[in-house]
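Take a moment to look over the sequence and the model before reading on. The paragraphs below go from the ligand outwards to the whole chain.

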Amino acid sequence: MYKGTTFTRFLIAEQRKFPGATGEFTSLLTELATAAKIIAHEVNRAGLGNILGAAGRTNVQGEQVQKLDEFANETIIRMVDHTGHLAGMVSEEMEDIFHIQEHHLRGKYLLLFDPLDGSSNIDVSVGVGTIFGIHRKITPGEDATPEDFLQKGRAQLCAGYLLYGSSTMLVYTAGQGVHGFTLDPNVGEFLLSHEQMTIMKRGKTFSVNDGRYFLWDHPIRHYIDDLRGKEGGSPYSSRYIGSLVADFHRNLLKGGIYLYPGDRESPSGKLRLLYEANPLAFIVEQAGGRASSGTEAILDIQPITLHQRTPLFIGSEEDVRMVEAYIKEGGKR
Ligand code: P6P
């Protein structure tokens, strides 16, 4: 497809590759894109409205909810809950499954999302993002059950993210490669800007909060020490924005690895499996990269609870396999 193709036209062309397609999927993603435009508008003017700062409550993870977190969560729900394509939703901002109301038609898809990841960065105008994954309902009956959501990441039909940065980008995969669209604010459309995105097999950048260095296990410390050139060799560059989607997106385009390891304080790390690690893992594998918990591929992890966390090592394949080797050898290197 040519640069400048609209997201909807691209979806329709992709849909034609699946003879049995009903158009439901295209319609759902189109509504999600509309939600993203609304969120982008608010994020980009956050300092002007009364929408900065904390909402005065904590989320299921005990984190301060920002007003924009709630706005993004409600916007996504409002845009897709009536479409008739969904049986239910899971969001970082909601403890339980969001069941589609009785008076709405229910569908065969499930939406899992982090409405605004990195939202604490908004007050300082740093890029933030929305992350989403879509599964097919697997249990009988119309209503969504926990079993429907606790599928392995490898079963996802689709995954994507929005990056509200210097430009607003939508990046997604439906298993046929990774494609990026840039929002043209004058037209109000996401236009194709990065078709068939692939990640370098090895990068020269690592993204990690090394303020936690002395909380890490020795293998992680040794790995980061070696990336810094402790044993000689040219060091990697350290780039850490503190916003997963922004760090991931840069590494997708330029190569590199993002790490959020488990540590003495948080053995399972910080990031959530269902709606942060799994969608980005689907994307990075489709782009030729790798995503691991340190001991297994993220997409092969059998989820147990909706909001469970996982250590996350994601990006260029050789870099991720390198840190897995350090972990496997127990830091003897
Ligand atoms: P830390 C933001 O809260 C987030 O979930 C990711 O977007 C980001 O990469 C990470 O946490 C930052 O965490 O502990 O480095 O502040």
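How many Å separate an oxygen atom of the ligand from an N or O atom in the side chain of Y260? The distance is 2.5 Å. Like every value here, this one is computed, and the model itself is predicted. The protein covers 81% of the 400 Å² of accessible area that the ligand has on its own.

Two further polar contacts involve oxygen atoms of the ligand. At Y258 the partner is a polar side-chain atom, 2.7 Å from a ligand oxygen. At L244 the backbone takes part instead: one of its polar atoms is 2.7 Å from an oxygen atom of the ligand.

These three residues belong to a longer list. Around the ligand there are also D117, G118, N209, Y240, G242, S243, K270 and L271. Sorted by type, the residues of this shell comprise five nonpolar, four polar and two charged. The space that the ligand takes up is the largest pocket.

Now step back to the protein chain, which is divided into two parts: domain 1 spans 7–194, and domain 2 spans 205–327. Their C-alpha centres lie 23 Å apart. Where the domains touch, domain 1 contributes 45 residues to the contact and domain 2 contributes 34 residues.

How values were computed:
Residues are numbered from 1 along each chain as its sequence is written. This is a predicted model: local features need pLDDT of at least 70, side-chain atom pairs count only at pLDDT 80 or more; totals for chains, interfaces and linings use all residues. Side-chain values use heavy atoms; hydrogens and water are left out. A residue is near a molecule or strand if one of its heavy atoms lies within 4 Å of it. A polar contact is a pair of N or O atoms within 3.5 Å; within protein, one must be able to donate a hydrogen and the other to accept it, and residues adjacent in sequence count only if both atoms are side-chain atoms. Accessible areas come from the Shrake-Rupley method with a 1.4 Å probe; for residues, only the protein chains shown count as cover. On a 1 Å grid over the protein atoms alone, a cavity is a set of points where a 1.4 Å probe fits but cannot get out, and a pocket is an open set with protein on both sides within 12 Å along at least five of seven lines; lining residues have an atom within 4 Å of a point. A molecule sits in a cavity or pocket if more than half of its atoms lie within 2 Å of its grid points. Ala, Val, Leu, Ile, Met, Phe, Trp, Tyr, Cys and Pro count as nonpolar, Asp, Glu, Lys and Arg as charged, and the others, Gly among them, as polar. Domain bounds come from an automatic or database domain assignment. Contact means heavy atoms within 4.5 Å.
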